Structure formats: C-alpha cells, structure tokens
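This report describes one protein chain, taking up model confidence, helical elements, internal space and selected residues in turn.

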Amino acid sequence: MGGARTRRMPRAVREQQMLDAAVRIFGQRGYMAASMDEIAELAGVSKPLVYLYLTSKECLFTACIRREAAALTQAVRAGVRTDLPVDRQLWDGLRAFFAHTAEHPDAWSVLHLQARTHGEPFAAEVAAMREEIVAFVTRLVAVAAREAHRDPDLPEHEVAGLAEALVGAAESLATWANTTEGVTAGQAASTLMNVTWSGLGNLMRGNHWTPPAEQV
C-alpha cells in the first residue's frame with residue numbers, strides 16, 4: 001500500500017520532499033560531507049530517483065539554494081506593509097527576516113554558510129538573492145531620507161552603504177541568534193533596529209560623525 005502511494009505521488013511533491021531532505025542534510029552536515037545516499041534515505045526514495053530528478057549533487061544543491069533564497073525573500077516582502085511609516089516597514093522587514101531564519105535554520109546555513117564557501121556558481125545564486133534584499137532596504141533608506149526633509153538628497157553612495165551595512169549586520173546577527181539560546185526573532189530585530197534607526201536618524205538630522213582630521 002505504502003509503495004503504491006509513493007508511486008502515485010506527483011513529481012512536484014516528490015521533488016519537494018527531496019529538497020526538504022537535502023536542505024536538512026546540507027545544512028547540518030555541510031555540502032562536502034553530505035551524501036546522496038543520506039538525502040535519498042531521508043526523503044524516502046531511491047538514490048537513482050534523486051539523480052533522475054536532479055541529475056547531480058551540484059544541481060541538487062543549486063535547487064536548494066534557489067528555493068530557500070526565494071522563500072526568504074518572499075517572507076521579508078510579505079512581512080512589510082508599504083502603507084505604514086518607513087520605520088515600521090524596516091522593523092517589520094527585519095522581524096520577518098529573523099523569524100524566517102530562526103524557523104528554518106538549516107536553510108539559513110545553506111544560504112549563509114555553505115553556498116558562499118563552495119564555489120562561484122553557488123555563491124552567485126546567493127548573491128542574486130542578497131542584491132534583491134539590499135535593493136529593498138536601499139529603497140527604505142532613501143524614503144526615510146526624503147521623509148526627514150533635512151537631507152532629501154542623501155548621496156547615493158551613502159544610501160547604498162547603509163543598506164549594505166544593515167543587510168550584512170542582519171546576516172551575522174541571524175547566525176548568532178540561531179546559535180544562542182533564548183534569542184527571539186523580535187529581540188534580534190529590536191537590537192538591529194535600535195542601532196540602525198538611531199544612527200540613521202542622526203545622519204538625516206545632519207549629525208554626521210567624522211574621523212580625526214589626520215585619518216581622513
């Protein structure tokens with residue numbers, strides 16, 4: 001009976017099961033240590049079937065990266081209401097980001113740790129996701145600058161730099177939160193929001209910090 005049900009399972013559903021298993025194995029064991037035998041066993045299918053659907057370990061890993069990158073990006077976008085004030089949008093986006101990475105620690109390990117350290121094709125997949133998130137944050141920073149009225153023409157390089165710094169901090173904080181007991185998504189988001197929004201507020205009020213003259 002069980003085997004018959006497995007044979008009738010739609011390909012798309014079976015493929016998602018394989019990806020679920022692969023994300024778990026890759027996330028916990030690492031790309032190099034993960035084996036297709038382990039992935040097939042966890043997915044409840046034969047190894048030849050995994051190869052039939054996804055052709056190779058590299059293709060399977062790439063499919064995992066693409067699926068999890070899309071899921072993370074969608075979670076962040078879905079968590080933000082564009083009709084709210086920009087500080088609330090940023091807060092909601094950060095909270096959605098940290099909630100998703102906390103709920104899917106293996107997926108975050110695949111995206112943030114594994115994909116970046118095993119070759120250009122994998123790193124490029126993650127870079128595409130990151131660029132989309134940075135662009136989203138850049139828009140929020142630019143809107144905040146315009147709304148402040150003090151610096152409606154905040155230089156593009158400053159906006160881009162702030163967005164890059166914020167996303168980089170969020171990535172590092174997510175990894176820390178996932179390995180530190182008792183840290184919630186809300187706490188992680190609040191920590192980063194306090195640092196970012198306070199600093200951004202000073203910048204938009206014209207309170208720029210400048211280095212000592214001899215170090216400029």
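Residues 1-6 have pLDDT under 50 throughout, and over this stretch the model has one contact beyond four places in sequence. The model is a predicted one. Helix α1 (residues 2-8) has a mean pLDDT of 50, the lowest among the elements of the protein chain, whereas helix α3 (residues 36-43) has the highest, 95. For the protein chain as a whole, the mean pLDDT is 85, and 84% of the residues reach 70 or more.

**Overall architecture**

The protein chain contains 10 helices and zero strands. Its pattern along the sequence is accordingly written α-α-α-α-α-α-α-α-α-α. Of the 216 residues, 41% are buried. Contacts between residues at least 6 apart in sequence join residues at least 24 apart in 69% of cases. The exposed area of the protein chain is about 11800 Å², with carbon and sulfur atoms supplying 55% of this area.

**Helices α2 and α6**

Helix α2 (residues 11-29) has 19 residues, which at 1.5 Å a residue should span 27 Å; the end C-alpha atoms are 26 Å apart, in agreement with that expectation. Buried positions in α2 are Arg14, Met18, Leu19, Ala21, Ala22, Val23, Ile25, Phe26 and Gly27. Just after α2 comes Gly30, with a positive phi of about 95°.

Helix α6 (residues 86-103) comprises 18 residues and reaches 26 Å from its first C-alpha to its last, close to the 26 Å expected at 1.5 Å a residue. The buried residues of α6 include Val86, Leu90, Gly93, Leu94, Phe97 and Phe98. Also buried in α6 are Gln89, Asp92, His100 and Thr101, among others.

A backbone feature occurs in the loop between α4 (47-54) and α5 (57-78), where Thr55 is placed. Most residues other than glycine have a negative phi. Thr55, a residue other than glycine, has a positive phi near 60°.

**Internal cavities**

Rolling a probe the size of a water molecule over the atoms shows where empty space is left. The count of cavities of 30 Å³ or more is two. The largest cavity holds about 160 Å³ of space. Its lining consists of 15 residues, and those nearest the centre are Leu94, Phe97, Ile133, Val137 and Val167. Helices α6, α8 (120-148) and α9 (156-178) are the elements that each give two or more residues to this lining. Two of the residues nearest the cavity centre, Leu94 and Phe97, are also among the buried residues of α6.

**Selected buried residues**

The table gives C-alpha separations for four residue pairs.

| Residue pair | Separation in sequence | C-alpha separation |
|---|---|---|
| Leu60 and Ala22 | 38 residues | 7.5 Å |
| Val137 and Val167 | 30 residues | 7.9 Å |
| Arg130 and Val167 | 37 residues | 8.1 Å |
| Met193 and Leu166 | 27 residues | 9.3 Å |

Leu60 is placed in helix α5. Its relative accessible area is 0%, so Leu60 is buried. Beyond residues up to four places away in sequence, Leu60 touches Leu19, Ala22, Phe26, Met36, Ile39, Val50 and Leu54. Of these partners, Leu19, Ala22 and Phe26 are among the buried residues of α2.

Two of the selected residues belong to helix α8: Arg130 and Val137. Arg130 counts as buried because its relative accessible area, 18%, falls under the 20% limit. Apart from residues up to four places away in sequence, Arg130 touches Arg116, Glu164, Val167, Gly168 and Glu171. Val137 is likewise buried, with a relative accessible area of 9%. Setting aside neighbours within four places in sequence, Val137 is in contact with Ala163, Leu166 and Val167. Val137 and Val167 also lie among the residues nearest the centre of the largest cavity.

Met193 is part of helix α10 (residues 185-204). With a relative accessible area of 12%, Met193 is buried. Neighbours within four places in sequence aside, the contacts of Met193 are Asp87, Leu90, Trp91, Leu94 and Ser198. Two of these contacts, Leu90 and Leu94, are buried residues of α6.

Methods: Residues are numbered from 1 along each chain as its sequence is written. This is a predicted model: local features need pLDDT of at least 70, side-chain atom pairs count only at pLDDT 80 or more; totals for chains, interfaces and linings use all residues. Side-chain values use heavy atoms; hydrogens and water are left out. Helices (H or I, at least four residues) and strands (E, at least two) are DSSP runs, numbered from the N terminus. Buried means under 20% relative accessible area, exposed over 50%, partly exposed in between (1.4 Å probe, protein chains only). Contact means heavy atoms within 4.5 Å. Accessible areas come from the Shrake-Rupley method with a 1.4 Å probe; for residues, only the protein chains shown count as cover. pLDDT is the predictor's confidence in each residue, from 0 to 100. The expected span of a helix is 1.5 Å times one less than its number of residues. On a 1 Å grid over the protein atoms alone, a cavity is a set of points where a 1.4 Å probe fits but cannot get out, and a pocket is an open set with protein on both sides within 12 Å along at least five of seven lines; lining residues have an atom within 4 Å of a point. Grid points are joined across faces, edges and corners, and a volume is the space filled by probe spheres set on the points.
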